[in-house]
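Work through the exercises below with the structure open. Each task is followed by a stepwise solution.

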Amino acid sequence: MTCSAISIGILAAYPLLTDKSEVQAAKTLQEIQEQRKANSEKIAALENKINDLEGDKNYEKQQQEYLNEQIDCIQENIDLLNAELNSISADIETTETNITLLDADIVNQQTAIDTNIELFKERLCSMYMNSNDSAASMVLGSTSFYDMMARVQMINRVAEYDDKLINDILNEIEALEQSKKDLESEKLNLTMKLEDQEKRKEEKTDEIEQLNVKMKDTQYEIERLALEQESLNADKDELEELNKALDAEEAEMVAAIERERKAAQERYEAEQRRKWEEQQKLLQQQQQANNNNAGVGGGDNPAPVTPSVPNQPTYTPSAPSASGFTWPCPGFSYISSPFGPRWGRNHNGIDVGDGGIMGGAAVASKAGTVIYVANSCTHNFAKNYSCGCGGGYGNYIIISHDGTYSTVYAHLSYASVSVGDYVEQNQVIGAIGSTGHSTGAHLHFEIRENGVAQNPMNYVGP
């Protein structure tokens, strides 16, 4: 019994030492994961900034397009103004030519008037000097009265013609003077219009210069944003390289931890098997001693049974329930997960997961024949994923009872029976563990009727 207690103590301490090294490794992994997470958050923040800068660049490019459209539009206006200026300048030149020609016409008309006036003056003077003779000659020289009247009328017509000629020349000079005034007025208007157009052209030219300044500013801003993006991309690339290094470091560490865990698990299981064999020998010796005592002294009370696996308190096998089944893990009673819906599907059994249950005994709930054993999983530790062993059950056993009922015992550290073995009720069949998809040490127990899972609590109780 003393040896059994010492053995149990050693085995109870062994997993603690293993867990401590795993906790230390996990802490290191956690630091790597936290650093990678922090880097990823920084990368995400940098990507947001880069995207914001890209948006700013696009905005500046849109501004450039808008400025180019404005410049093109203003340039078109300037081209139109230049065409108008050329037209106005041509009109001014034409007007100036017309004014020059009018001036020449006026001078010529004035010269003709002056010549005619001189001739008229001479004629008047001659008529005055010879008025009596002319009148006498006109009367005396006439052959008849009608001839005299014709001569008088002719003289009057000559006088009227001279008057009309002078008046026509004066009217023409007046018209030419008016045309000259009109042309000078038109020239003035054209000159003013030319000055106005020149002013508008200068304003448009100034607008283009201002827009070109804005264009340079937007180009400078685009180049600045591009440089900032380049810097942020460099920071992002550096962080991504750091994450790659962390990924490699984590993978190497996980592999090392897995190798160490596997080696520790193999040592642990080998030690458990050795201790289990020792316990079996002690159990046989104690049973033999009890039989000898019973043969000598008799007695009706059954003796307590020492478990055949380590880390299991002494227990007295429970009596069968009305259904004929017994509790599958004596000494442990906390149900961590009941039968029924769980995680979007049905949980086909119950999970018994008391503290200290790791390494506890799993016993046959009813006598029967072992029809299936999975005993190759070495991932005997808590995890929130399936290691793939046993379809998530890890190491597990199925026992058939009378061909109608069967029971399942899953997530065992190891099984101590083989297919074809006949087991008695309350016989130890394996050690409780955390293999397969198991977040902690517990026993998953199922009762099936004709292959259909039933609620075990309708058949057994702790």
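**Exercise 1. Which residues does Ser 438 touch, not counting residues up to four places away in sequence?**

Solution.
- This is a predicted model. In it, Ser 438 touches Phe 381, Ala 382, Lys 383, Tyr 385 and His 411, with residues up to four places away in sequence left out.
- Place the residue next: Ser 438 belongs to the loop between strand 10 and strand 11.
- Check burial. The relative accessible area of Ser 438 is 1%, so the residue counts as buried.
- Now the polar partners. A polar atom of the Ser 438 side chain lies 2.7 Å from the backbone oxygen of Gly 440. The side chain of His 442 makes a polar contact with that of Ser 438, at 3.3 Å.
- Two of the touched residues, Phe 381 and Lys 383, also form a charge-over-ring pair: the charged end of Lys 383 sits over the Phe 381 ring, 4.6 Å from its centre.

**Exercise 2. Find where Thr 435 lies, then list what its side chain reaches.**

Solution.
- Thr 435 is in the loop between strand 10 (428–432) and strand 11 (443–449).
- Its relative accessible area is 0%, so Thr 435 is buried.
- Take the side chain's polar atoms. One lies 3.0 Å from the backbone nitrogen of Asn 395. The side chain of Thr 435 also reaches the backbone oxygen of Leu 412, at 3.0 Å.
- Widen the search to contacts, leaving aside neighbours within four places in sequence. Thr 435 is in contact with residues including Cys 377, His 379, Asn 380, Gly 392, Tyr 393 and Gly 394.
- Lys 383 and His 411 are in contact with Thr 435, and Ser 438 touches Lys 383 and His 411 too.

**Exercise 3. Trace the pairing of strands 6, 7, 8 and 9.**

Solution.
- Start at strand 6 (residues 368–374). Two bridges pair it with strand 9 (residues 422–423) in the antiparallel sense.
- Strand 6 also joins strand 7 (residues 395–401), antiparallel, through five bridges.
- Thr 369 shows both pairings. Its bridge partner in strand 9 is Tyr 422, and its bridge partner in strand 7 is Ser 400.
- Move to Val 370. It stands opposite Ile 399 in strand 7.
- Continue from strand 7 to strand 8 (residues 405–415). Six bridges pair them, again in the antiparallel sense.
- Inspect the turn. Strands 7 and 8 form a hairpin with three residues between them. Asp 402, in that turn, has a positive phi of about 60 degrees.
- One bridge of this pairing links His 401 to Tyr 405 in strand 8.
- Finish with burial: six of the seven residues of strand 7 are buried.

**Exercise 4. How many aromatic pairs are there, and why is the Tyr 405 and Tyr 459 pair classed as it is?**

Solution.
- The count comes to six aromatic pairs.
- For Tyr 405 and Tyr 459, the ring centres are 5.9 Å apart and the planes are at 70 degrees, so the pair is edge-to-face. The reasoning uses two cut-offs: centres within 6.5 Å for a pair, and planes over 60 degrees apart for edge-to-face.
- Locate the partners. Tyr 405 lies in strand 8 and Tyr 459 in the segment after strand 12 (452–454), so the pair ties together parts 54 residues apart in sequence.
- Compare exposure. Tyr 405 has 22% relative accessibility and counts as partly exposed. Tyr 459, at 13%, counts as buried.
- Extend the group. Phe 325, Tyr 405 and Tyr 459 form one aromatic cluster. Lys 366 lies over the face of Phe 325, 4.9 Å from the ring centre.

**Exercise 5. Describe the chain as a whole, then mark the stretches with pLDDT below 50.**

Solution.
- The chain has three helices and twelve strands.
- Of its 462 residues, 32% are buried.
- Among contacts between residues at least 6 apart in sequence, 75% join residues at least 24 apart.
- The average pLDDT is 79, and 78% of the residues score at least 70.
- Residues 1–27 have pLDDT below 50; beyond near neighbours in sequence, this stretch has 23 contacts in the model.
- Residues 297–314 stay under 50 as well, with 44 contacts beyond four places in sequence.
- Where pLDDT is low, the predicted coordinates should not be read in detail.

How values were computed
Residues are numbered from 1 along each chain as its sequence is written. This is a predicted model: local features need pLDDT of at least 70, side-chain atom pairs count only at pLDDT 80 or more; totals for chains, interfaces and linings use all residues. Side-chain values use heavy atoms; hydrogens and water are left out. Two strands pair if DSSP finds at least two bridges between them. Helices (H or I, at least four residues) and strands (E, at least two) are DSSP runs, numbered from the N terminus. Buried means under 20% relative accessible area, exposed over 50%, partly exposed in between (1.4 Å probe, protein chains only). Rings of Phe, Tyr and Trp (its six-membered ring) pair if their centres lie within 6.5 Å; planes under 30 degrees apart count as stacked, over 60 as edge-to-face and the rest as tilted. A charge sits over a ring if NZ of Lys or CZ of Arg is within 6 Å of the ring centre and within 35 degrees of the ring normal. pLDDT is the predictor's confidence in each residue, from 0 to 100. Contact means heavy atoms within 4.5 Å. A polar contact is a pair of N or O atoms within 3.5 Å; within protein, one must be able to donate a hydrogen and the other to accept it, and residues adjacent in sequence count only if both atoms are side-chain atoms.
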